[in-house]
Amino acid sequence: MDAIRAVFLDVGETIVDESREYGAWADWLGVPRHTFSAVLGAVIARGRDYRDTFQYFRPGFDLAGERRRRVAAGQPESWAEDALYPDARPCMEALRAMGLRVGLAGNQTKEAEAILRSLGLPVDAVGTSDAWGVEKPSPGFFARIVEEAGCGPSSVLYVGDRIDNDVGPAQRAGLETAFIRRGPWGYILRDAALEDGCLFRLTTLAELPELARKHNEAAGYDDRPERGLSRSSSSPR
Ligand SMILES: [Mg+2]
């Protein structure tokens with residue numbers, strides 16, 4: 001069992017509550033928010049891309065073009081500190097205090113990356129599909145995380161709400177995984193084998209630091225930042 005040395009977190013529904021973002025899209029489409037959410041759930045349950053939801057209500061919908069139209073109309077896609085799940089920042093702080101490298105890595109636009117960077121989150125790295133030029137579930141996305149982590153894949157924990165886009169491909173890339181069951185994808189998508197393959201299964205990020213600490217203690221990792229890997233298991237001569 002390897003100690004966890006780096007923790008990378010997905011963004012949407014792992015650290016960011018996207019309720020308001022999707023609500024704003026429903027408003028933009030002129031569809032009741034409840035109806036939009038129900039159709040989004042049906043799209044997810046069918047294993048389809050969430051962007052099909054827009055097509056359902058407006059065939060031919062061009063997401064990139066509509067994003068530009070929203071900017072021009074003074075209603076850009078945006079969110080701020082209050083969209084963060086309340087457990088996100090304290091979790092990152094606690095993981096960092098344990099001497100772990102902490103990063104964010106999600107399928108996000110460059111605008112979202114700018115927002116993430118502006119929040120002053122306690123992280124060592126911020127990565128997005130837009131900036132990296134590769135998106136989940138591509139193996140290249142997870143290879144990039146390992147590169148940013150600066151340690152072997154089995155010492156990297158990837159935390160995400162999606163079994164299909166986060167947990168599955170991260171496991172196939174040799175990373176450890178934590179599945180957080182929240183948000184539409186977290187509740188709808190299930191896969192017993194992939195969930196069993198997770199190091200941790202969470203309902204809140206508040207659980208993660210203590211679980212990681214216990215795991216690393218069992219793996220012989222000294223959590224004092226200046227110490228790194230403990231040598232205390234080898235007896236002095
Ligand atoms: Mg997500």
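Which strand is E176 found in? Keep that in mind as you look through these close-up views of a predicted model.

**View 1. E176 sits in strand β5.** Here is the reply to the opening question: E176 is found in strand β5, which covers residues 176–180. Is E176 buried or exposed? E176 counts as buried because 24 C-beta neighbours lie inside 10 Å, and 20 or more are needed for that label. Leaving aside residues up to four places away in sequence, E176 touches I4, S154, V156, L157 and L199. For a sense of scale, find P59 as well: E176 and P59 are 39 Å apart in space, C-alpha to C-alpha, and 117 residues apart in sequence.

**View 2. Strand β4 is mostly covered.** Strand β4 takes in residues 156–160, and 5 of its 5 residues are buried. Try following the side chains along the strand. V156, Y158 and G160 point one way from β4, while L157 and V159 point the other way. The residues on both sides are all buried. This picture fits a general pattern: in a regular strand, side chains alternate between the two faces of the sheet.

**View 3. Strand β4 pairs with β1 and with β5.** Strand β1, residues 6–9, pairs with β4 in the parallel sense over 4 bridges. Two residue pairs help you find your way: A6 stands opposite V156 in β4, and V7 stands opposite L157 in β4. Strands β4 and β5 also run parallel, joined by 4 bridges. Which residue of β5 is the bridge partner of G160? Look for F179. Between these two strands you can trace helix α9, residues 163–172, and β4, α9 and β5 together make a right-handed β-α-β unit.

**View 4. Strand β1 is covered on both faces.** A6 and F8 lie on one side of β1, V7 and L9 on the other, and all of them are buried. Besides its pairing with β4, β1 pairs with strand β2, residues 101–106, in the parallel sense over 4 bridges. To spot this second pairing, look for L9 and its bridge partner in β2, L104.

**View 5. The largest nonpolar core has 53 residues.** Which residues have the most contacts inside this core? They are V7, F8, I145 and V156. Helix α8, residues 139–149, gives the largest share of the core, with 5 residues. At least three residues of the core come from each of domain 1 and domain 2. Now zoom in on V156: not counting residues up to four places away in sequence, V156 touches A6, F8, I145, V146, A149, C151, L175 and E176. The last name in that list is the residue from the first view, found in strand β5.

**View 6. The protein chain is divided into two domains.** Domain 1 is made of two stretches, 6–16 and 81–227, and domain 2 spans 19–72. The C-alpha centres of the two domains lie 26 Å apart. Where they meet, 5 residues from domain 1 and 5 residues from domain 2 take part in the contact. What kinds of residue does domain 1 bring to this side? There are 5 nonpolar, no polar and no charged residues.

**View 7. Helix α4 is hardly covered.** Helix α4 runs over residues 63–72, and the count of buried residues among its 10 residues is 0. After α4 comes G74, with a positive phi near 75°.

**View 8. Two places show backbone angles worth a closer look.** As background, most residues other than glycine have a negative phi, and most peptide bonds are trans. E13, which is not a glycine, has a positive phi near 65°. E13 lies in the loop between β1 and α1, and E13 counts as buried because it has 22 C-beta neighbours inside 10 Å. The other place is the peptide bond from K136 to P137, which is cis, with omega near 10°. P137 is in the loop between α7 and α8.

**View 9. E207 lies in a loop between β6 and α12.** Why does E207 count as partly exposed? It has 16 C-beta neighbours inside 10 Å, and a residue is called buried at 20 or more and exposed at 12 or fewer. E207 and D49 are 158 residues apart in sequence, and 30 Å separate them in space, C-alpha to C-alpha.

Technical notes. Residues are numbered from 1 along each chain as its sequence is written. This is a predicted model: local features need pLDDT of at least 70, side-chain atom pairs count only at pLDDT 80 or more; totals for chains, interfaces and linings use all residues. Domain bounds come from an automatic or database domain assignment. Two residues are in contact if their C-beta atoms, placed from the backbone, lie within 7 Å. Ala, Val, Leu, Ile, Met, Phe, Trp, Tyr, Cys and Pro count as nonpolar, Asp, Glu, Lys and Arg as charged, and the others, Gly among them, as polar. Two strands pair if DSSP finds at least two bridges between them. A crossover is right-handed if, with the strands pointing away from the viewer, the path from the first strand over the helix to the second runs clockwise. A nonpolar core is a set of buried Ala, Val, Leu, Ile, Met, Phe, Trp, Tyr and Cys residues joined through C-beta atoms within 7 Å.
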